[in-house]
Amino acid sequence: MGKENKTYYVTTPIYYPSDRLHIGHAYTTVAADSITRYKKMKGFDTMFLTGSDEHGQKIERSAKDSDKEPKKYVDEIVETFKELWSSLGIEYDYFIRTTEERHEKVVQEIFQKLYDKGDIYKGHYEGWYCTPDETFWTERQIGEDKVCPDCGRPVEWVEEESYFFKMSKYADRLLKHIKENPEFIQPESRKNEMISFIEQGLDDLSVSRTTFDWGVQVPFDDDHVIYVWIDALSNYITAIGYETDENNFNKYWPADLHIVGKDILRFHTIIWPIILMALDLPLPKQVFGHGWLLSDSGKMSKSRGNVVDPMELIEDFGVDPIRYYLLREVPFGTDGTYSTEALIQRINSDLANDLGNLLNRTVSMVEQYFDGVIPEPAEYEDVDQDLKNKGLKTVQEIEKYMDDLKYTNALEELWNFVRRTNKYIDQTQPWILGREEGKEERLGTVLYNLLESLRMIAVMLKPFMVETPYEIGRQIGDQIQIKEADWSNLSWGELKTNIEVQKAKPIFPRIDVEEYYDKKEDKNQKEEKEKTMTNENSNNKEDLVNFNTFQKLDLRVAEIKEAERIEDSNKLIKLQVELKDESRQLVAGIAKHYETDELIGKEIVIVANLEPAEIFGVKSNGMILAASNEDELTLITPEKAIASGSKVK
Ligand code: MSP
C-alpha cells in the first residue's frame, strides 16, 4: 500500500452532538483548518476531515431528556456544528457522521474481521463505566471516590456479557512503534505518559454493550452494540473509503496528522493503533495531543456552566480576531486560559495598532503622494535591503514553525515582521521625502516596499485568517493576486505596479473594554426583556404550566452573607448566600437598586436548581427572585423570618 506523495490528510476528533460546541472545540478545529490551509498553499493535495460522533449511551440519554428520537436529536445538533464551522471559516473536505450508512456498514465489517481473526472473543464484563466519557475504568483508576479520573463525574457499575478485544496481544509491537517513531506521539511529554501507561500492561478491552440500543449492531449478535469508541475511531478510515473506495483510501491513508485534545490521546495512541495493526493497516504518521483551553474556573463544560460560546464571540469581534487569538495566545500543546480581556488586548495591540495602522498609513500615503497609483521601485538602499531580508527570513521561520504545529511562534514571527515594517516607516520618514524636491523616486521606492511587505504579510496570513488577507489585498489594489497566491508567491517583488490602491479603511477598529461590557450588558437585558414580552403576549393555553412542571423549580429561602459589586459593571452584584448548610455564589442585576451594605443579612428567595452560568466571568449558581417594572425593583423576601434553606412552594 503506497500513499501518494504530496497528499496531506488531517483530522479533528469527531464531536459528540450532545453539548453545545464551545471555544475549546473551536480551538482544535481552527488549528486543523490552519495547518490544512498552510499545506494546501505548499502544494499538497489536502484532505481535512471533521464530523460528529453520534452513537452511545450518553447521546441516547441526552435525546431522551429532550423527548426526542436519537436520530432527530442529533440531526438538529449537527446542523449547529456546521453553522459554527462555516462562521469560523473552517474549510473541511468531508463532514463524517457516524450514523451514515456507509460508516455503519464498514464498522460492522471491521468488527467481523477482528472477530474472524480471533482478536475479538466473547466474555463477561464487570466493572466501572463513565457514561459521559463512554470509558471503562479499573478500580484503581477511579479511586475511593469512585469518580472518572478524566472528568470527575461518578462512574456506574456495569455487569454484562461483552465481546473483548485482545489489546494485550499487540502491546509490545505498539511500544516498539512508539519508540522507533519519535514523531508518532507529540508533544514529547505526552508521549512519555503514553509509554508508561502501556508499560504497566494492557488489559483486553470490552468492545460491546448490551444495555442500550443506540449504536452499531454487532453483525453476528443482535444483543450487542459495538462500543462507541471502536465505532468513532474507525471514522478516520471509513470517511476516506476504507472497504468502499480503494483508490481514495490508498491516496490518503495513512493520515498525516490526528489532532486531538490530551483527554482522548490514550484512545488515539493505544486503542486506535492496535485496531489498525489488527487490520494490517499502517499507522497514522502523527497524533498530536494539544492542551485544554480553560476558563478561569477550570475546563469548560456545560455541567460546570463555564462555557464560552464561539458564535457569540464571532458576532462581537469578527472571525479573524477569534482565529488569531486562538492560534496566537496559547502554545499548541500546553493548557491556556481564555479571557475576553486578553482577546481585546490582542485585537487592540496586534491587530488594530500594529497591522491595521501599517495598512492604513501606507495606503493613505500612496493616495496622498501618488494619486493612489502604486509606484515603481528604484535602487535599493541598505534599509530597504534589510526590510526585504527580514521579510524573506520570516517566510522561512514560519515554515519551520508550522511543520512543528507551533502556531504561536509562527504568528509571533509574522508580527515581528509587521512591526519591522512599521519601523521602516519611521526610519525612512516618507512624509519628509514628500516635502522635499527631487525625492520622488526615493519616496516611490519606500512606498513600493511598504506595499510589498503588506502583500507578503497578506499571503503569509492566509493559513491563519480567512477575511483579512483579502481585505489587505483589496486595499493594496491586488486582491485577485492574494486570492490566488500560494506559498511560492512569497518571493520579494511580486507586487504589481501602476495599479490603483483602494481608499484606506481601518480593518480592525479598537475596542474599549468598558464600552464593550456595557453594550453587552444592555444587549443581554434587551434580549431578556424581549423574551419576557413574548411570553406575556402569548399567554394562551399552550403556555400554561402544569403543577408538575412548576414543582420542578426548587425555590428556597436564602440569607445573604456577603455582597460585592462586579468590576466593569454598573448593574451586577456578586452575592454569597447561605442555604441551610450550603453556601452559594450568585450574580444579581440589582446594583442600581440596592447598596451592597443594605443587602447583608437579608432573607431572599432563590431558584436553587437553575443551571449554573458565568456572568462577566463570575460564576453564578442560582437566581434571586425580584419584582420589577420599568424603574423599580424589589427583592422577594419571606414575610416572617424563617430558617434559610426552607422550601418555597
Ligand atoms: N467524540 C469524542 C471524540 C472521538 S474521536 C474519534 C469526543 N468528543 S468531544 O466532543 O467530547 O470532544 C472533542 C474534542 O474537543 C476533544 O479532543 C477534546 O479534548 C476537545 N475539547 C473539549 N473541551 C476542550 C477545551 N476546553 N479545550 C480544548 N479542547 C477541548 O471526545
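Gly 261 stands opposite His 290 in strand E13, where strands, like helices, are DSSP runs numbered from the N terminus, with at least two residues for a strand (E) and at least four for a helix (H or I). E12 and E13 pair in the parallel sense over 4 bridges, and two strands are said to pair if DSSP finds at least two bridges between them. The model described here is a predicted one, in which local features need pLDDT of at least 70 and side-chain atom pairs count only at pLDDT 80 or more, while totals for chains, interfaces and linings use all residues. Residues are numbered from 1 along each chain as its sequence is written, and side-chain values use heavy atoms, with hydrogens and water left out.

The wider setting of E12 and E13 is an open sheet of 6 strands, in the order E3-E2-E1-E12-E13-E7, with parallel pairing. Strand E3 (94–97) and strand E7 (185–186) stand at the edges with a single partner strand each, so one side of each has no neighbour in the sheet. At the E7 edge, E7 and E13 pair in the parallel sense over 2 bridges, and the bridge partner of Gln 186 in E13 is Phe 288. Elsewhere in the sheet, strand E1 (residues 7–15) runs parallel to strand E2 (residues 45–52) and is joined to E2 by 7 bridges; Tyr 9 has Met 47 as its bridge partner in E2.

What covers this sheet can be followed from E13 outwards. Both faces of E13 are covered, since Val 287 and Gly 289 on one side and Phe 288 and His 290 on the other are all buried, a term that stands for under 20% relative accessible area, with exposed meaning over 50% and partly exposed in between (1.4 Å probe, protein chains only). Helix H1 (residues 23–41) lies across E1, E2, strand E12 (257–261) and strand E13 (287–290), and runs at about 170° to E1; such angles run from 0 to 180 degrees between N-to-C directions, and the axes are lines fitted to C-alpha atoms, for helices over the stretch in contact.

Two further helices, H2 (residues 57–65) and H3 (residues 70–87), pack at an angle of about 90°, with their axes 9 Å apart. H2 and H3 are therefore roughly perpendicular to each other, a description that applies to angles of 65 to 115 degrees, whereas those under 35 degrees count as roughly parallel, those over 145 as roughly antiparallel and the rest as oblique. Their contact, meaning heavy atoms within 4.5 Å, is made by Ile 59, Ser 62 and Ala 63 of H2 and by Pro 70, Tyr 73 and Val 74 of H3. In the loop between H2 and H3 lies Glu 69, which is exposed, with a relative accessible area of 59%.

Ser 206, by contrast, is found in strand E8 (residues 205–206) and counts as buried at 3% relative accessibility. Leaving aside residues up to four places away in sequence, Ser 206 touches Tyr 125, Phe 136, Ser 162, Tyr 163, Phe 164 and Tyr 227.

Burial also marks helix H13 (residues 319–329), where 10 of the 11 residues are buried, so the helix is largely enclosed by the rest of the structure. Among the buried residues of H13 are Asp 320, Arg 323 and Arg 328, along with Ile 322 and Leu 326.
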